[in-house]
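Let's take a walk through this one together, starting with the overall layout and ending at a pocket. Keep the picture open as you read.

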Amino acid sequence: MGNRKKSLKPARGFGVSNTIPDEELLMTQVVTIAALNIASEMMAEHDPSKTKGEWCAWLMEEAAQRLGQAENQEEVNKIMMGN
């Protein structure tokens, strides 16, 4: 029998993953969170029937519904850019 070499590569899906997203994604996330917080705070001031947290959850649900209606990436991009 021949000698087998053990692979030093981790099995698929079990390696060191890149934990830091690319800069564009990170900036998009930061801006989105800031906009969501500002919008929910302003809505809570103008309509006190819901708390800031409730408005935040409502805005997230509405955004998820709207994005769920998109049929392709081009439509998602239009929604995200406000066109």
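Before anything else, here's a handy yardstick: the expected span of a helix is 1.5 Å times one less than its number of residues. Keep in mind, too, that what you're looking at is a predicted model.

Now for the layout. The chain has three helices and zero strands, and reading from the N terminus the order is simply α-α-α. Of its 83 residues, 8% count as buried.

Let's put that yardstick to work on α1. This helix has 24 residues, and its first and last C-alpha atoms lie 35 Å apart, which is close to the expected 34 Å. You'll find it at positions 23-46, with α2 at 52-68 and α3 at 73-81.

Which residues of α1 are buried? They are L36, S40 and A44, and what they pack against is α2.

S40 deserves a closer look. This residue sits in helix α1, and it counts as buried because its relative accessibility is 0%, where the cut-off is under 20%. Leaving out residues up to four places away in sequence, S40 touches K52, W55, C56 and L59. Its side chain also has a polar partner: one of its polar atoms lies 3.1 Å from the backbone oxygen of N37.

So what about N37 itself? It belongs to helix α1 as well, but with a relative accessibility of 34% it counts as partly exposed, since that value falls between the 20% and 50% cut-offs. Try finding N37 and K52 in the picture: they are 15 residues apart in sequence, and their C-alpha atoms are 8.1 Å apart in space.

Next, move along to the stretch between α2 and α3. A70 is found in the loop there, and this residue is buried because its relative accessible area is 18%, under the 20% limit. Not counting residues up to four places away in sequence, A70 is in touch with E75, V76 and I79.

Then comes α3, with something to see at either end. At its N-terminal end, N72 acts as a cap, with a side-chain oxygen 3.2 Å from the backbone nitrogen of E74. Just after the helix, G82 takes a positive phi of about 80°.

That leaves the empty space. Rolling a probe the size of a water molecule over the atoms shows where such space is left. In this model, the largest pocket holds about 220 Å³ of space. Its lining is made up of T28, T32, E62, A63, Q65, R66, L67, I79 and M80. The helices α1, α2 and α3 each give two or more residues to that lining.

Which element provides the largest share of the lining? That would be α2, with five residues. Sorted by class, the lining has four nonpolar, three polar and two charged residues. One of the lining residues, I79, is a name you've met before: I79 is also among the residues that A70 touches.

Note on methods. Residues numbered from 1 in each chain as written. Predicted model: local features only at pLDDT ≥ 70, side-chain atom pairs only at ≥ 80, totals over all residues. Heavy atoms only, no water. 1 Å grid on protein atoms, 1.4 Å probe; cavity = no way out; pocket = protein on both sides within 12 Å on 5 of 7 lines; lining within 4 Å. Points joined across faces, edges and corners; volume = space filled by probe spheres on them. Helix = DSSP H or I, 4+ residues; strand = E, 2+ residues; numbered from the N terminus. Nonpolar A, V, L, I, M, F, W, Y, C, P; charged D, E, K, R; others polar. Polar contact = N/O pair within 3.5 Å; in protein donor to acceptor, adjacent residues only side chain to side chain. Buried < 20%, exposed > 50% of the residue type's maximum accessible area, 1.4 Å probe, protein only. Contact = heavy atoms within 4.5 Å.
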